[in-house]
Amino acid sequence: EVVVEHQHLMRFRQAARGYVRGEFGQYISPIISAGYGTEFGGYKLNALAGYASSGGHVDNAEFSIINAHLNADYIAPDKFVFFGGSKTETTIDFARKGYNLYAVSSAPPERVTTDFSAKIGVTGEYNGFGYSAGGGWAGLGFSSGGRTLSDNALNGHLRVQQKWNEAIVGAHMLLDLHTFDGRAVNFMEAGGFGEYMINNWTLSGLLGLQTATTSAAITQGGVHVAGKAEYRLSPLFTLRGEISSGLGNNSFREMILRNPYLSDSSEINFTRTHILTRAGVVYHPTEALGVTVGLEYKMVSNTPLMLSSGATGTFMPLYAEVSQMQLTSELAWALTPKDNLTSTLAITSATLTEQPSAVVPYLPALLLSGQWHRTWSEQIGTQITVHYTGARQADTSKTRELSGFLLLSLRGEYKLSAQARVYVRLENLLNSSVFLWDAYKERGIFSAVGIEWQL
């Protein structure tokens, strides 16, 4: 996976019992993480925490990250009339990131984001009705160069369904209420849905009314319409199709997670999908092999395109209408009991509908990745990853092009005992010049070693 450097960190995993992991890499880049899981009184708990930092591969590229995660599952006993047998899940997440806008050569501003979220959800069944409900709070604090802002949100959802003859019908509701930099930014949807299975067909549909308020206090209305179909042609092939339209949710919190160099003057708007169509075929001759090929076309207005703000080292979203065609392919193949191969391919063509000669920035025409994982013995395992990203434009007028790049990475691990293992990571072995965002160069060759102890 290609990610911005300061987002390299603990990829949290379930702590079956517990673990402690330590890693040290080039540029004085330590990672420390730990997790523990337990069950008692009907509760299943998983807690994880970690710290990562780096001195930076270029001047002012140092960063630090602190993460914490807590998850609790509870299945209610059958003695409770309404909630008996239901599953309640509570999740709390915290992340603090400190980094610099190192594209600015002189006195680059430091940024600190603090992200906290807490949510609770319950799923179950009562008197023939299935239900899923939840709510939560999320808060993002941001500070940079003396400027502070926040994006706080209350959200909730409800979904109720019942079997009616051979179909499943139900209703749904979604609320996402934000206070962004002192302004209300909201997204709401309510409607109904249904699913019907007959012979080799599975058909589903959704209809919902939507309303959204942008950071500029503009209220938008929409109708969410979606339909899906799946046809099991034979034991070897499954055909899938989908069509939809409607508003899409958005927030400052979501955009800065995608682009950590987002401008603090960004406005929040909502995508409007005029039409999205997908068609695909799945080839599954055995449990060991699966191939998916799909074709997608969509026309979406208010798509946030990230454009450089120049000397500030930040990116401002330009909301524009985009027409895009994309061909995708995925492969998963357990070649032998010791060898697993995966690959993905995406070929994309996109234009701005109001300016056919313009291009969509940071969208490569070709993305290709492959991964080979091999277990050589009970003690030794390796993983080789290849990722190619084609050339991209850094603006809509084709005045600045970011070259394509090939990433080759290797990971090897050795099991010292039933509890302990050591590993080594070698990334970007070809020392490719990688720019995910204009003026922000990623790491070249990078190596790290680590040890993990299972409790």
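Arg159 is in contact with Gly130, Tyr131, Ser132, Ala171, His172 and Phe193, leaving aside its neighbours within four places in sequence. The model is predicted. Arg159 is found in strand β8, which covers residues 147-164. Its relative accessibility is 35%, so Arg159 counts as partly exposed. Now look along the chain to Arg400. These two arginines are 241 residues apart in sequence, and their C-alpha atoms are separated by 47 Å.

Turn next to Asn302, in strand β15 (residues 289-308). Asn302 counts as buried because its relative accessibility is 18%, and the cut-off for buried is under 20%. A polar atom of the Asn302 side chain lies 3.1 Å from the backbone oxygen of Phe270. Phe270 is also among the residues that Asn302 touches, beyond those up to four places away in sequence. The others are Gln220, Asn269, Thr271, Tyr319, Ala320 and Glu321.

Two loop residues deserve a look at their backbone. Ile28 has a positive phi, near 55°, and is not a glycine. Ile28 sits in the loop between β1 (18-25) and β2 (29-40). At 61% relative accessibility, Ile28 counts as exposed. Asn428 also has a positive phi, near 50°. The loop that holds Asn428 runs between β23 (420-427) and β24 (435-437). Asn428 is buried, with a relative accessible area of 3%.

Now the aromatic rings. The structure holds 17 aromatic pairs. One of them joins Tyr99 and Tyr261, edge-to-face, with 6.2 Å centre to centre and 80° between the planes. Tyr99 lies in strand β5 (residues 87-100), while Tyr261 lies in the loop between α1 (252-258) and β14 (271-286), so the pair ties together parts that are 162 residues apart in sequence. Tyr99 counts as buried at 4% relative accessibility. Tyr261 is buried too, with a relative accessible area of 1%.

Trp372 and Trp376 form another edge-to-face pair, 6.4 Å centre to centre with 65° between the planes. Trp372 counts as partly exposed, at 31% relative accessibility. Trp376 is partly exposed as well, with a relative accessible area of 43%.

Return to Tyr99 and Tyr261. Ring pairs link them with Tyr102, Phe315, Tyr362, Trp437 and Tyr440 into a cluster.

Charges sit over rings as well. Arg411 lies over the face of Tyr423, at 4.3 Å from the ring centre. The charged end of Arg443 is placed over the ring of Phe446, 3.8 Å from its centre.

Definitions and conventions
Residues are numbered from 1 along each chain as its sequence is written. This is a predicted model: local features need pLDDT of at least 70, side-chain atom pairs count only at pLDDT 80 or more; totals for chains, interfaces and linings use all residues. Side-chain values use heavy atoms; hydrogens and water are left out. Helices (H or I, at least four residues) and strands (E, at least two) are DSSP runs, numbered from the N terminus. Buried means under 20% relative accessible area, exposed over 50%, partly exposed in between (1.4 Å probe, protein chains only). A polar contact is a pair of N or O atoms within 3.5 Å; within protein, one must be able to donate a hydrogen and the other to accept it, and residues adjacent in sequence count only if both atoms are side-chain atoms. Contact means heavy atoms within 4.5 Å. Rings of Phe, Tyr and Trp (its six-membered ring) pair if their centres lie within 6.5 Å; planes under 30 degrees apart count as stacked, over 60 as edge-to-face and the rest as tilted. A charge sits over a ring if NZ of Lys or CZ of Arg is within 6 Å of the ring centre and within 35 degrees of the ring normal.
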